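Here are two short exercises to work through with the model open on your screen. Grab a pencil and go one step at a time.

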2 protein chains.
Amino acid sequence: MNKRQQLIEQAFQLFYQQGIHAVGINQIVRQAKVAKKTLYSHFESKDALIEAVLAYRDERFLVWLDKRMTSVEPGKPALLVMFDALDDWFNNRVPTLANFHGCFFINTCSEYGNPESTIYQLCQRHKLRVRELIMSHVKQLQLNEDVNVLTDRLVLLKEGAIVTAQVQADKAAAKKAKLIAEQLLPDASLV
Amino acid sequence: MNKRQQLIEQAFQLFYQQGIHAVGINQIVRQAKVAKKTLYSHFESKDALIEAVLAYRDERFLVWLDKRMTSVEPGKPALLVMFDALDDWFNNRVPTLANFHGCFFINTCSEYGNPESTIYQLCQRHKLRVRELIMSHVKQLQLNEDVNVLTDRLVLLKEGAIVTAQVQADKAAAKKAKLIAEQLLPDASLV
DNA sequence: CTCATGGTAGACAGATCGGTATACCCATAT
DNA sequence: ATATGGGTATACCGATCTGTCTACCATGAG
């Protein structure tokens, strides 16, 4: 019973469902069944807790996506299965990621308008890490074209799908994005 | 000097740059140079003000986008110029829309997790209206394919570009999305 | 046994929140 | 001449926020 982890996980749940500013410290400690003093012995402020929550979610999300993408043949299948994974996420078939409420990092950036802030930059870093993961699979395609270009396009489709699934409540957004991705990826996965 | 409008515009500026929850009523009236009582004579609560701000931005954005898209030949050029318009927005070349801080409606949904709330639904409605605008131009293509499918794809690219420009600070996101859109749109704009 | 450690429960402090009330000002229309 | 409507400025209310402090409890090591 690691209190620190308990706090992080409970804080994430609340932040993700209701937004960070809308959730108070008292609510977190109450639901985590932890004394307020314990929270402040582990984290020096609410901001420090938020940063820990971002790191936790970053890790969770990347491990999950990496596992899904390496569970099939490398190259085109791996890139396409990413959209199947997103589809599972949007439709709440991934308990690890909690009930879908959009991308936690996009949401957090929306709440913290200032790009100079540590919190904002942690969100950017997460997106960069996801991009790196996708790019590593794009490289397996062994294309002549620029790897960055194709990576950017897939990332853009992914972000578009996430936001559409959230705001428009379009649970089929991942499937739609996948169809576009299929058009972007060359038929011969390995030359 | 319409005080009501003054309040809406100043509130929008602050909400858009800092997030709604992060901005207090006192800050709004101070910067709008309006007495607090005047605010509450025009709006019965902060939520009512937020709703008015959403309606204001909805109108502004749609008029702007509509003008841009009808300023060129209908069909494919109109759909592609949308991405040029987004590019201008992302790079702060559209004073009407204020300095780019992502999509105000996506940001607001991120802060108001509950899809049942009026505020959330106003955001959805805005996105639906933008979709309708895009679809009206897709129809001009006179395609055999399903109009909804192509519309959804263009919307997805648009959302992806907005989020990428915001979180990743990728100011070229619109140009990248445009290249994908060109690939999706048929060469012959009118059969 | 003793005592340090890490925990609980919750009162408290100081600031700020949304919203109301008071007191005053001033232009215009009757 | 005066009454009224819309505005200003600001004190105030109760609630809630982050963060601190006090007092107590349990457990395991020396």
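**Exercise 1: a helix pair across two chains**

Work out how helix α8 of chain A and helix α8 of chain B pack in this predicted model.

*Solution.*
Step 1. Find residues 147-167 in chain A and in chain B: these are the two α8 helices, and they pack at about 100 degrees with their axes 7 Å apart.

Step 2. Turn the angle into a word. Angles of 65 to 115 degrees count as roughly perpendicular, so α8(A) is roughly perpendicular to α8(B).

Step 3. Pick out who touches whom. α8(A) brings L156(A), L157(A), E159(A), G160(A), A161(A), V163(A) and T164(A), while α8(B) brings L156(B), L157(B), E159(B), G160(B), A161(B), V163(B) and T164(B).

Step 4. Sort these contact residues by type: you get 8 nonpolar, 4 polar and 2 charged.

**Exercise 2: the surroundings of DNA strand D**

Describe the protein surface near DNA strand D, starting with the phosphate contacts.

*Solution.*
Step 1. Look at chain B. T38(B) has a polar side-chain atom 2.7 Å from a phosphate oxygen of the strand, and for K3(B) the corresponding distance is 3.4 Å. A35(B) uses a backbone N or O atom instead, 2.9 Å from a phosphate oxygen.

Step 2. Map the elements. Those giving two or more residues to this surface are α2 (25-32) and α3 (36-42) of chain A, plus α3 (36-42) of chain B.

Step 3. Count the neighbours. There are 16 residues around strand D, with I25(A), N26(A), K36(A), K46(A) and T38(B) the closest. By type, the surface splits into 5 nonpolar, 5 polar and 6 charged.

Step 4. Flip to the DNA side: of the strand D atoms within 4 Å of the protein, 52% are sugar or phosphate and the rest belong to bases.

Note on methods: Residues numbered from 1 in each chain as written. Chains lettered and ligands numbered in written order. Predicted model: local features only at pLDDT ≥ 70, side-chain atom pairs only at ≥ 80, totals over all residues. Heavy atoms only, no water. Axes fitted to C-alpha atoms, helices over the stretch in contact; angles between N-to-C directions. Helix = DSSP H or I, 4+ residues; strand = E, 2+ residues; numbered from the N terminus. Parallel < 35°, antiparallel > 145°, perpendicular 65-115°, else oblique. Contact = heavy atoms within 4.5 Å. Nonpolar A, V, L, I, M, F, W, Y, C, P; charged D, E, K, R; others polar. Near = heavy atom within 4 Å. Polar contact = N/O pair within 3.5 Å; in protein donor to acceptor, adjacent residues only side chain to side chain.
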